[in-house]
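Thank you all for coming; I would like to walk you through one structure this morning, going slowly from single pairs of side chains to the whole chain. Please have the sequence and the picture open while I talk.

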Amino acid sequence: MAGKKNEAYIEFKANTADFQKGIKQMNAELKTASNELRLNATQLKGAGDSVDLLSERQDILQRELEASTQKVELTEKSLAECKATLGENSKEYQTLNNAVLAAKNQQAAIQNELEQTADKLNKIKEDNKNNLI
């Protein structure tokens with residue numbers, strides 16, 4: 001029986017190579033987007049509510065949301081493979097389940113910020129439109 005468990009563990013470890021590569025890539029993209037957002041926030045402090053800077057922020061957030069969505073999908077796929085191979089009571093399953101929850105939390109935060117930025121941008125555009133009338 002112990003041999004069967006070790007075989008499942010080895011099989012699961014072999015399946016995680018693509019997952020690890022994908023997660024590294026998504027984390028790199030998220031870090032780049034995060035740095036771009038910090039720069040954008042600094043620029044917005046000096047420029048007030050610039051439509052161009054808010055549009056840029058919206059684009060960055062959209063890219064960040066796409067990377068976050070891919071990260072959630074990769075993590076959920078790995079979680080399902082882990083569940084099938086090692087079961088829900090394994091340490092690896094619990095670790096991946098926590099990673100899924102963290103990735104979904106990050107995704108929700110990005111989505112919220114994206115919606116707030118879109119609302120702010122629409123309000124400024126509407127105000128500018130009303131000022132022209």
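Let us start with K83, which has a relative accessibility of 41% and therefore counts as partly exposed, since that class lies between 20% and 50%. Its side chain meets that of E88 in a salt bridge, with 2.9 Å from N to O, and E88 is likewise partly exposed, at a relative accessible area of 40%. I should say at once that this is a predicted model, so please hear every value as one computed from that model.

The count of salt bridges comes to 5, and I will take you through two others. K104 forms a salt bridge with E76, and the closest N and O atoms are 3.0 Å apart. Because K104 lies in helix α3 and E76 in helix α2, this pair ties together parts that are 28 residues apart in sequence. K104 is partly exposed, with a relative accessible area of 37%, and E76, at 31% relative accessibility, counts as partly exposed too.

Now please find R57, which forms a salt bridge with E113, the closest N and O atoms being 2.5 Å apart. R57 belongs to helix α2 and E113 to helix α3, so here the parts tied together are 56 residues apart in sequence. Is R57 buried or exposed? R57 is buried, with a relative accessible area of 13%, whereas E113, at 26% relative accessibility, counts as partly exposed.

R57 also brings us to N40, because the side chains of these two residues make a polar contact at 3.1 Å. N40 has its place in helix α1, and N40 is buried, with a relative accessible area of 0%. Which residues does N40 touch, if we leave aside its neighbours within four places in sequence? The answer is L53, E56, R57 and I60.

I60 lets us move on to the nonpolar interior. Not counting residues up to four places away in sequence, I60 touches A33, E36, L37 and N40. I60 is also one of the 10 residues of the largest nonpolar core, whose other members include M26, L30, L61, I110 and L114. The elements that give two or more residues to this core are α1, from 2 to 47, α2, from 51 to 86, and α3, from 91 to 132. There is a second, separate core of 7 residues, and among them are F19, L79, Y93 and L96.

Let me stay with α3 for a moment. Its buried residues include Y93, L96, V100, A103 and Q107, and further along I110, L114, T117, A118, L121 and I124. As you look at that list, remember that an α-helix has 3.6 residues a turn, so residues three or four places apart point the same way. The 42 residues of α3 should span 62 Å at 1.5 Å a residue, and the end C-alpha atoms are 62 Å apart, which agrees.

Finally, the whole chain. It has 3 helices and 0 strands, following the pattern α-α-α along the sequence. Of its 133 residues, 31% are buried, and the accessible surface comes to about 8,800 Å², with 50% of that belonging to carbon and sulfur atoms. Among contacts between residues at least 6 apart in sequence, 75% join residues at least 24 apart.

Methods. Residues numbered from 1 in each chain as written. Predicted model: local features only at pLDDT ≥ 70, side-chain atom pairs only at ≥ 80, totals over all residues. Heavy atoms only, no water. Core = buried A, V, L, I, M, F, W, Y, C linked by side-chain atoms within 4.5 Å. Buried < 20%, exposed > 50% of the residue type's maximum accessible area, 1.4 Å probe, protein only. Helix = DSSP H or I, 4+ residues; strand = E, 2+ residues; numbered from the N terminus. Contact = heavy atoms within 4.5 Å. Salt bridge = Lys/Arg side-chain N within 4 Å of Asp/Glu carboxyl O. Polar contact = N/O pair within 3.5 Å; in protein donor to acceptor, adjacent residues only side chain to side chain. Expected span 1.5 Å × (residues − 1). Areas by Shrake-Rupley, 256 points an atom, 1.4 Å probe, with all protein chains shown as cover.
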